[in-house]
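Reader: I would like to learn how to read a contact between two chains. Could you take me through one, step by step?

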2 protein chains.
Amino acid sequence: MDELNSHEHFMQMALKLSQEAAERGEVPIGALIVKDGTIVAQAHNEKEEAQQAIYHAEILVIKRASEALGSWRLTDCTLYVTLEPCAMCAGAIIQSRIKRVVFATRDPKAGAGGSVLNVLENKNLNHQVEIVEGVLEQECSHELKSFFRKLRL
Amino acid sequence: MDELNSHEHFMQMALKLSQEAAERGEVPIGALIVKDGTIVAQAHNEKEEAQQAIYHAEILVIKRASEALGSWRLTDCTLYVTLEPCAMCAGAIIQSRIKRVVFATRDPKAGAGGSVLNVLENKNLNHQVEIVEGVLEQECSHELKSFFRKLRL
């Protein structure tokens, strides 16, 4: 697979994880971490079920990847997520030294990959993260919009 | 107790938690969450022992407070922490709707309460947090400096 196909392949899996979240009444966000072309960990948002504000997909997938690799350092890992990370998740990505974040769609209300603030690329912090955005943007955005539309019915 | 004495009382306990962290080889940071004058949860940094980049004192104390209260919403809670929160922890504080953060000393390298960036008071996010800083500043700063001095020996 070339790079773009590989990004779409993994984002398709993140989208499936987001759909599993929606089926459980969670805001549909899915994430996975890939190292050397292999999936190390996957997660979806579990905030409502766990009653934990911190259980965003990105926090859970970072926790599981560190368990799988036996280290807090997730150097050379790529994190795929269906929505632009918030400040908490962007900060967790910096803390765990993840190399690259691929996200599908921007979050104009809370995004910390450039939308509301930019934690991921902040040159004053001790680590910067490469951003690839817009992969399966329409599909992931549709999943989120249709979830919130149903909530309002 | 008046408010200042109460802040010093709880920060003294956070400082003790930070010293427990240092004894276990962790960067000495302690945190607790208080609601209606009662301690709901406490934690210290467990990053190295758990090999989890996300196991900062603030993340752990938020997780434990939500377990104790049975809700992700930590409205009307105050979080005491010995060091200014990083972007991840400041974002987690926003996500959990904590009312007030009391911290002892600033973190010029990573602080997200005004030092490197300001997540806690960011008016473009959907929640803002009241900041009280400088409570037991010298004691908590000394604890951190002495830990790093020993590391370099």
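Author: Buried area is the accessible area, found with a 1.4 Å probe, that two parts lose on being put together, summed over both. Here chain B and chain A bury about 2,600 Å² between them, and carbon and sulfur atoms give 64% of that area. In chain B, the residues that lose the most area to chain A are B:Gln51, B:Trp72 and B:Gln95, together 23% of what that side buries. This is a predicted model, in which local features need pLDDT of at least 70 and side-chain atom pairs count only at pLDDT 80 or more, while totals for chains, interfaces and linings use all residues. Residues are numbered from 1 along each chain as its sequence is written, chains are lettered from A and ligands numbered from 1 in the order in which they are written, and side-chain values use heavy atoms, with hydrogens and water left out.

Reader: How many residues does each chain bring to the contact?

Author: Contact means heavy atoms within 4.5 Å, and by that rule chain B gives 31 residues and chain A gives 31 residues.

Reader: What turn and what shift lay chain B on chain A?

Author: Copies are superposed by least squares on the C-alpha atoms of residues with pLDDT of at least 70 in both. A turn of 180 degrees, with a shift of 0.0 Å along the axis, lays chain B on chain A with an RMSD of 0.0 Å, which is the relation of a two-fold axis. The same surface serves both copies, since 100% of the contact residues of chain B recur in chain A. Of the residues of chain B, B:Met88 comes closest to the rotation axis, with its C-alpha at 2.0 Å.
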